[in-house]
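User: Hi! Could you walk me through this structure? I'd like to go topic by topic.
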Amino acid sequence: MKITSIRLERLAVPLKHPYHLSQEYGIFSLATPVLVIMETDEGITGIGECDPWPLFTGDSAESVMTVLEHHLAPMLIGADPTNINELHRRMDAAIRNQHLAKSALDMAAYDIWGKWSGMPVHQLLGGKRRDTIRCMWSIGGSTPEESAAEVLEAKALGYDGCMIKIGGPNWKLDAARTRAVREAVGKDYPLIVDANQGWDLDTARRYGREIRDCGILFFEQPLQSWDVEGMASLRRCLDMPLSADEGVATLQDAMRLIKAEAVDIFSIKVTKNGGIRPAKAICEYAAAHGIQVFFNSMIEEGITQAASLQIGATCKNIVNTIGHAYFSPNRLEKDISDFHTHIHVAEGFVDVPDGPGLGITPDWDAIAGYRVETRTVTEPYKA
Ligand SMILES: [Mg+2]
C-alpha cells in the first residue's frame, strides 16, 4: 500500500466561552486545528489532526500548513503508511522538531493501518488494558466565587475531577480560588492545578505552601518548560507531586526530567509529543521509571482526542486519582467528528472506540463549515 495524496485542511473553531489561562497565555477563544486527510492506492483514507497554539508549542496553524505542504507531506507520498518507523525516519530527515505537523501525519497513518488491518489503534499498540477512562473538566481563571460555582457545575454534570488553571499575575488570588474551589466541592473531589509556565520558582513555592492543605493531587508546569533544575528544586521543597506538560515534548525531555528527579507525572498530549508512536514511547519510558502519565489535551477536536484515547487505553501507568482530559470537544462550539458520542459526562467517563483505526468518523459538513483554507499534495519530494 502506498500514500497517494495528502489533503490539508486549516480550520477555525470558536470556543463556547473564552478560556482564561495563565499570564503566559492570556485568553483563548478560537481553536485552529489543522487536519491531514491521507489517501492510499488501496482506497483507504486516514485522518489526523494537530492543534497549533503559538505560545504553547511554538507552532501556528499557518506555520504548520507550510511545513506540511512543503517539507513533510511530499516526503510521504509513495511511502507505506503501515510502516510508521519509516514515516518518522522520512519526516525527521526532512525537518527537525515540528512535532505538531508530524503528529497529524503519524495519526492519519495509524488510522489507515488500523482500517487496513481491521483493528483499532489500541490493538496495534499492544492491546487495551481498559474499556473506559474517567473524564475530568478544567476551569479557567476567574474570581474565587466563579471558580467555586464552575467546579460545582462540573461535579453536578458528572465529571470525575477538575483542573484549576492558575499561574496568573496575582498568586494570592489563585490561592484564594484554589481554596474556594476545595471548600465548595468538598474534601474528596479530585483536583489538580496547572500554572502553564506562569510563575518563577519563588512564586510557585509561595503558592504551593499557601495551598498545601487543599488536597491538590498534583501541580502542573509551574515554571518555564526549560527549567528542569527549578522543577527539581520546587519538588524538593513542596510536599506535592509535580507534573510536566510544556516541559515534556520529546523522549529526551522525559529523560532529562527523570534524571533530575524533577517530576512525578508526565502530561501526555499526542500532538505536542509528535504523534502516537512518540507519545507511546514516552509513556513506556515513564512506566519503566515509576512515573505516571496523565492524558491531557490542547484545545482539541475529536480526532486528536481519539488518538490520545487509543494510547491511554494501552498504558499501565495511567494516573488513577483523577479523570483525564477527554472533554475538549465539549469546550468547542462543535466537534468535527463523532468522538463526542464517546464522552459520557453524566457517568464521568469516555469509552474507548473499538472500530478500525482511530475508531471515529469525521463530520465532513462541520469540517467544511469551519474551513479557512485547503491544500493538496500529490507529488513526492524532489531534492
Ligand atoms: Mg497543562
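**Helix 4 and its surroundings**

User: Why does the end-to-end distance of helix 4 agree with its length?
Analyst: Helix 4 covers residues 99-117, and its 19 residues at 1.5 Å a residue should span 27 Å; the end C-alpha atoms are 26 Å apart, so the two agree. Bear in mind that this is a predicted model.

User: Good. How many of the residues of helix 4 are buried?
Analyst: Helix 4 is mostly covered, with 17 of its 19 residues buried.

User: And what comes just after helix 4?
Analyst: G118 does, and it takes a positive phi of about 75°.

User: Where does N97 sit, and what is its phi?
Analyst: N97 lies in the loop between helix 3 and helix 4. Its phi is positive, about 55°, although N97 is not a glycine. Most residues other than glycine have a negative phi.

User: Is N97 buried or exposed?
Analyst: In between: N97 is partly exposed, because 15 other C-beta atoms lie within 10 Å, while the cut-off for buried is 20 or more and for exposed 12 or fewer.

User: Let's switch to domains. Which ones are assigned?
Analyst: The domain assignment gives domain 1 as 3-119 + 361-377 and domain 2 as 123-351. Their centres, taken over C-alpha atoms, are separated by 23 Å.

User: How many residues are in contact between domain 1 and domain 2?
Analyst: 41 residues of domain 1 are in contact with 39 residues of domain 2. Elements that give two or more residues to that side of domain 1 include strand 2, strand 3, helix 1 and helix 3. Helix 4 gives the largest share, 9 residues.

User: What is the make-up of that side by class?
Analyst: The side of domain 1 that touches domain 2 has 24 nonpolar, 10 polar and 7 charged residues.

User: On to sheets. What is the strand order in the open sheet of 4 strands?
Analyst: The order is 5-4-1-16, with antiparallel pairing. Strand 5 (45-50) and strand 16 (371-377) stand at the edges with a single partner strand each, so one side of each has no neighbour in the sheet. Neighbouring strands in this sheet are turned by 15° against each other on average, direction ignored.

User: How many bridges link strand 1 and strand 4?
Analyst: Strand 1 (residues 3-11) and strand 4 (residues 34-40) pair in the antiparallel sense over 7 bridges. In that pairing, I3 stands opposite T40 of strand 4.

User: Which helices pack on this sheet?
Analyst: Helix 2 (residues 61-76) packs on it and touches strand 1, strand 4, strand 5 and strand 16; the direction of helix 2 makes about 180° with that of strand 1. Helix 12 (residues 302-312) also packs on the sheet, touching strand 4 and strand 5, and its direction makes about 100° with that of strand 5.

User: What about the open sheet of 3 strands?
Analyst: That sheet has the order 6-15-14, with antiparallel pairing. Strand 6 (132-134) and strand 14 (343-344) are at the edges, each with a single partner strand, so one side of each is left without a neighbour in the sheet. Strand 14 pairs with strand 15 (residues 349-351) over 2 bridges, and H344 stands opposite F349 in strand 15.

User: Now strand 9. Which way do its residues point?
Analyst: L191 and V193 point one way and I192 and D194 the other, and all are buried. Strand 9 pairs with strand 8 (residues 162-165) in the parallel sense over 4 bridges, with K165 opposite D194.

User: Where is N196 found?
Analyst: N196 is in the loop between strand 9 and helix 8. Its phi is near 45°, a positive value in a residue other than glycine. N196 counts as buried because it has 22 C-beta neighbours inside 10 Å.

User: Two aspartates to finish: is D245 buried or exposed?
Analyst: D245 is buried, since 23 other C-beta atoms lie within 10 Å. D245 sits in the loop between strand 11 and helix 10. Leaving aside neighbours within four places in sequence, D245 is in contact with E220, Q221, S267 and N296. The C-alpha atoms of D245 and D194 are separated by 9.1 Å, though 51 residues apart along the chain.

User: And is D202 buried or exposed?
Analyst: D202, in helix 8, is exposed, because it has 11 other C-beta atoms within 10 Å.

Key. Residues numbered from 1 in each chain as written. Predicted model: local features only at pLDDT ≥ 70, side-chain atom pairs only at ≥ 80, totals over all residues. Pairing = 2+ DSSP bridges. Expected span 1.5 Å × (residues − 1). Axes fitted to C-alpha atoms, helices over the stretch in contact; angles between N-to-C directions. Contact = placed C-beta atoms within 7 Å. Domains from an automatic or database assignment. Nonpolar A, V, L, I, M, F, W, Y, C, P; charged D, E, K, R; others polar.
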